[in-house]
Structures are given as structure tokens and as C-alpha cells.
Amino acid sequence: MKAKITLAKEFKVGEIDKRIYGSFIEHLGRAVYGGIYEPDHATADEDGFRTDVIDMVKELNVPIVRYPGGNFVSGYNWEDGVGAVENRPKRLDLAWGTTEPNYFGTNEFMKWCKKANTECMMAVNLGTRGAEEARNLVEYVNHKDGSAWADLRKAHGYDEPWNVKLWCLGNEMDGRWQMGAKTATEYGRTALEASKLMKWTDGSIETVLCGSSSRNSPTFGEWEATSLDIAYDSIDYVSLHQYYGNPDDDTPSFLARTLELEEFIYTVICVCDYIKAKKRSKKTINLSFDEWNVWYHSDNAPYERWSMAPPRLEDIYNFEDALLVGSMLITFLRHADRIKIACLAQLVNVIAPIFTKTGGGIFKQTIFYPFEHVSNFGRGVALNPIISCPKYDCKEFTDVPYIDSIASYDEENEEMTIFCVNKSMDDDAILDINLMDFSGYKPFEFISMDGYDKNDVNGFDNPFVKPHKNELPVMDSGNLTVNIKPFSWNVIRLRKS
């Protein structure tokens with residue numbers, strides 16, 4: 001298979017916001033207890049944090065982590081998770097049918113963020129609670145001193161404010177499964193008042209309005225338009241959530257889901273811009289894709305109801321999952337002008353790139369590597385290439401390009417990275433890459449993941465699905481010729497010599 005890619009500096013999509021490489025920790029399953037927090041573990045530090053997990057999080061270079069949910073947040077009293085641990089109440093978590101002991105709460109998470117070189121994207125409960133409790137949390141977390149909630153934080157042993165800048169106004173409030181689910185009008189009013197009070201408490205913060213829980217929601221589009229119409233002037237972003245699976249073992253359709261993802265993103269942008277035009281506003285609402293991943297392997301795993309931190313949603317990812325995650329990241333970069341925040345859901349154990357054994361080891365899942373590559377190398381501006389390649393039809397889609405690609409250009413460091421997925425299960429692709437105005441740029445690293453069966457997985461004893469380095473591709477008169485393997489993830493890095 002032959003394909004041609006043309007790249008130029010003028011093909012700029014937009015600046016890549018580093019927050020597009022965020023992730024997510026919810027009080028769900030073993031994400032917290034047995035994941036990031038396990039005081040009895042051999043690698044635990046003085047705060048009970050697993051340092052082997054922190055080391056891997058640092059490898060992923062995650063700039064923000066959304067917390068504490070997710071569905072969990074819609075029934076969460078944040079006051080339960082602060083103060084002396086021995087005085088904290090145990091609560092039934094109706095979202096996931098477990099018991100939350102509150103050993104780990106807001107201040108513990110903020111300390112963990114500091115150690116993991118990341119920042120918190122805090123979610124507030126707009127399900128069973130409202131604007132008053134939300135603004136109290138902002139005061140507790142961000143106000144220096146001289147007020148009741150700030151002074152309470154200081155009494156808990158934290159003199160300096162945490163200065164959390166990004167806040168989610170609830171979670172999936174359109175979902176019937178959500179505690180305190182609302183209509184679009186009800187939610188729009190609640191979000192408006194919460195955001196208003198929160199920003200009156202700290203004018204430096206930004207807020208994220210809940211969009212539809214998925215593009216398949218019966219109110220998708222109408223939900224965004226109605227809630228945005230009410231809260232537009234007070235909020236800064238609207239959220240999108242999307243998970244994909246392959247329960248029918250239809251790999252060609254599974255890898256083509258990015259076409260559906262493109263349409264989802266485009267539709268939400270259109271709704272945001274429609275409300276902007278309707279209001280004759282000069283403010284542009286950007287997108288926060290704050291839940292996304294592959295999720296289907298563990299949907300029906302049994303657990304004991306009301307137990308504490310039972311194993312839940314522990315997908316073991318295979319090689320084809322890694323390819324779709326890579327393509328989803330490419331899609332986000334293709335919309336870097338409007339997607340400013342994204343959170344891979346989640347970070348540890350629960351549908352996550354990092355997997356641990358309680359009391360034991362740790363390994364990197366297959367999806368770890370595409371995320372690591374794009375997070376570390378996808379900086380600067382996104383360049384949308386012109387791609388000419390064969391296409392295929394499948395059960396659910398037609399005209400699916402075999403080659404999916406995007407480039408990032410770091411002008412300051414004079415480096416460019418090309419990310420590419422070959423979706424063909426059988427054919428190599430000979431890429432002819434025309435670097436129009438990148439005179440003097442030469443490849444210095446070529447990384448790929450290839451040669452694996454689509455169902456290959458990693459584990460504690462066999463973490464064999466991983467990237468490898470290749471011989472550098474041939475450069476001739478500004479054209480780069482790259483031979484990429486079938487069914488592969490590829491990273492080609494160039495710098496000016």
C-alpha cells in the first residue's frame with residue numbers, strides 16, 4: 001500500500017494545550033485504594049502513596065487529573081474527606097454500590113498531585129448538593145485565610161491554599177443513573193449559580209459545564225444547547241464523554257470509530273458556536289473531553305455489594321485497543337484549536353493504562369504507550385497533514401482511511417513529531433512524506449508498536465506488548481520515505497540539523 005502525506009508549517013490547527021493529556025481518578029474500584037494509595041505496600045511513602053505508581057504517572061507526563069468523579073461525585077460530601085482520618089465517616093456510595101471509608105480525601109489527593117507532578121481538576125457535587133457546597137469547597141481549597149472554610153483547612157494542617165484552577169460543574173447530569181439527575185433547564189440553572197458563586201469566591205478559576213453523557217444520549221445536542229443558553233456567560237468549557245468497545249470482534253469497524261468521534265466533536269463545536277451567535281457573544285466556548293477510553297472488557301465482572309474498593313472495571317487492554325487509543329489522540333490533536341482539555345479515564349486499575357496488584361506488582365497496559373508518546377512528544381502546535389491513501393469499507397462505516405496521522409511542531413526546540421496508525425491488518429504502507437517548508441529537518445528517532453496479534457495483552461509476568469525503535473527512515477530532497485508495518489502505531493521524530 002502506498003500513501004502520501006504532505007506537511008507544512010501553514011497547516012497549523014492550533015496551539016496544543018498540555019491539559020489535553022490529562023487523566024482521571026475516581027473513588028471507584030481500586031483506583032484510589034490499592035491504586036494510588038496503599039499505605040501497607042512495600043513502595044508506599046510516608047503519606048501512603050505507591051511510589052511505583054507515581055513513577056509511571058510521571059512517565060506519562062500527565063498535567064491534570066480529574067477528581068473525585070465521575071458518578072461518585074454526585075453523592076459525595078467533600079467535608080467527609082477532610083480533617084482527622086479517624087473521625088471521618090464511612091458512607092454508602094450509591095453510584096457504584098460500595099462503601100467509601102474516606103481514608104483518602106481532598107487534601108490527600110492534592111498532596112499526591114504535588115508528588116506526581118500534576119494538578120487537580122476538581123469536580124463538585126451538583127447532584128445531591130448545589131451552589132453553596134460548591135463555593136464552600138472553592139473557599140476551603142483556594143482561599144488563603146481569614147474565612148471559616150480557609151481557616152478550617154489551616155486547622156487541618158494545610159496553611160497554604162492549593163489553588164485549584166479548573167473545576168467541573170457536576171458529572172453526566174443528563175444520565176438517569178446519576179444521583180440527582182436533572183433536565184437540561186434544571187442543570188443549566190444549577191450550573192449557572194454554582195459557577196457564579198465559585199467565581200465570586202475565586203475569580204481566577206475556570207469552570208466546565210456538563211455536556212451529554214454520550215453522543216447516543218436521547219437528548220444529545222438539545223441538552224448542550226439548552227444548558228449552554230442558560231449558563232454561557234459564566235462557564236468556560238463544555239464537556240464530552242465517549243468510550244468505545246469491540247464486543248462483536250469487528251476490528252475494522254472498531255478502528256473506524258474515530259470517524260464517529262470526529263462527527264461528535266464537530267457537532268458539539270457547532271452547538272457551542274450556535275449559542276455564541278445567538279447571544280452575539282465575543283466569548284468562544286472550548287471543549288473538555290474529560291472522559292474517554294476503550295471500555296468493554298470488564299463490564300459484567302461480579303463484586304460484593306457494599307464492600308470497600310472491590311476490583312471493578314479492570315479492563316485488560318489488548319493490542320488493537322492501543323491502536324484505537326492512538327487514533328483517538330490523533331483525533332483530539334486534529335481539533336487542538338477547540339479541544340483544550342482531555343482526560344483519559346482512568347489512570348490506575350479502573351479502565352486504565354497502569355495496572356497494579358494490591359500488595360504486589362505493577363505493569364504498563366498496551367494503551368500506556370501511545371498515550372506516553374503523544375503526551376511527551378505532542379507539544380507546540382498541531383499540524384493537520386494532507387493524506388492520500390487507500391480506504392476501506394466495513395460493517396458500520398464506509399471510506400475509512402487506512403492511514404490516520406497528525407503532526408506536532410515545536411518551533412522553539414525546532415522539533416516535529418509525526419504520529420501515524422496503519423489500520424490495515426495485512427498490508428505494509430510505504431509513506432511518502434513531503435516536508436514542504438521544513439528545510440534542514442532530519443529524522444532522529446522512529447518508534448513503532450507492530451507485529452502483535454490484535455488480542456495480545458500485557459501482564460505482571462509478560463509485559464511484552466511494547467514499542468521498539470527502528471532504523472531511521474530515508475530522507476531525500478525534503479521527502480521522507482517511511483515503511484510502516486501492518487496494524488501498527490508509529491512515532492517519527494525530526495529535528496533541524
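**Helix pairs**

I began with helices H3 and H5 and asked how they run: parallel or perpendicular to each other? Helix H3 covers residues 131-142 and helix H5 covers residues 184-201, and their axes come within 8 Å and cross at roughly 25°. H3 and H5 are therefore roughly parallel to each other. I noted the cut-offs: under 35 degrees counts as roughly parallel, over 145 as roughly antiparallel, 65 to 115 as roughly perpendicular, and the rest as oblique. The axes are lines fitted to C-alpha atoms, for helices over the stretch in contact, with angles from 0 to 180 degrees between N-to-C directions. The crossing of H3 and H5 is right-handed, a term for the near helix being turned clockwise from the far one, whereas left-handed means anticlockwise by less than a right angle. Helices (H or I, at least four residues) and strands (E, at least two) are DSSP runs, numbered from the N terminus.

A reminder to myself: this is a predicted model, where local features need pLDDT of at least 70 and side-chain atom pairs count only at pLDDT 80 or more, while totals for chains, interfaces and linings use all residues. Residues are numbered from 1 along each chain as its sequence is written, and side-chain values use heavy atoms, with hydrogens and water left out.

Next I looked at H6 (residues 222-231) and H8 (residues 257-279), which pack at an angle of about 40° with their axes 9 Å apart. That angle makes H6 oblique to H8. Their crossing is right-handed.

**Salt bridges**

I then turned to charged pairs. Side chains of opposite charge can pair when their charged atoms come close. The rule I used takes a side-chain nitrogen of Lys or Arg within 4 Å of a carboxyl oxygen of Asp or Glu. How many salt bridges does this rule give? The count comes to 37.

I stayed with the H6 and H8 pair for one of them: Asp-229 and Lys-278 meet through their side chains at 2.8 Å, N to O. Asp-229 sits in helix H6 and Lys-278 in helix H8, so this salt bridge ties together parts that are 49 residues apart in sequence. Asp-229 is partly exposed at 25% relative accessible area, and Lys-278 is partly exposed at 42%. For these words, buried means under 20% relative accessible area, exposed over 50%, and partly exposed in between (1.4 Å probe, protein chains only).

Arg-66 and Glu-291 make another salt bridge, at 3.0 Å, N to O. Arg-66 is in strand S4 and Glu-291 in strand S11, so the pair ties together parts that are 225 residues apart in sequence. I checked cover here too: Arg-66 and Glu-291 are both buried.

The side chains of Lys-469 and Glu-445 also meet in a salt bridge, at 3.0 Å, N to O. Lys-469 is in strand S23 (residues 468-469) and Glu-445 in strand S22 (residues 441-449), so to speak distant parts of the chain, 24 residues apart. Is each partner buried or exposed? Lys-469 is exposed at 63% relative accessible area, whereas Glu-445 is buried at 12%. I also found one network, in which salt bridges that share partners join Asp-45, Glu-46, Asp-47, Lys-111 and Lys-115.

**Backbone notes**

Which residues flank a cis peptide bond with omega of about 10°? They are Gly-69 and Gly-70, and Gly-70 lies in the loop between S4 and S5. A cis bond also runs from Ala-345 to Gln-346, with omega near -5°. Gln-346 is in the loop between strand S12 (339-344) and strand S13 (354-356).

Ile-351 is in the loop between S12 and S13 as well. Its phi is near 35°, a positive value in a residue other than glycine. Ile-351 is buried, with a relative accessible area of 2%.

Asn-102 has a positive phi too, near 65°, and is not glycine. I placed Asn-102 in the loop between strand S6 (98-100) and helix H2 (106-115). Asn-102 counts as buried at 1% relative accessibility. Asn-102 and Arg-91 are 11 residues apart in sequence and 7.9 Å apart in space, C-alpha to C-alpha.

**Loop residue His-297**

My last stop was His-297, in the loop between strand S11 (286-294) and helix H9 (319-334). His-297 is partly exposed at 32% relative accessible area. From His-297 to Thr-118 I get 29 Å, C-alpha to C-alpha, with their positions 179 residues apart in sequence.
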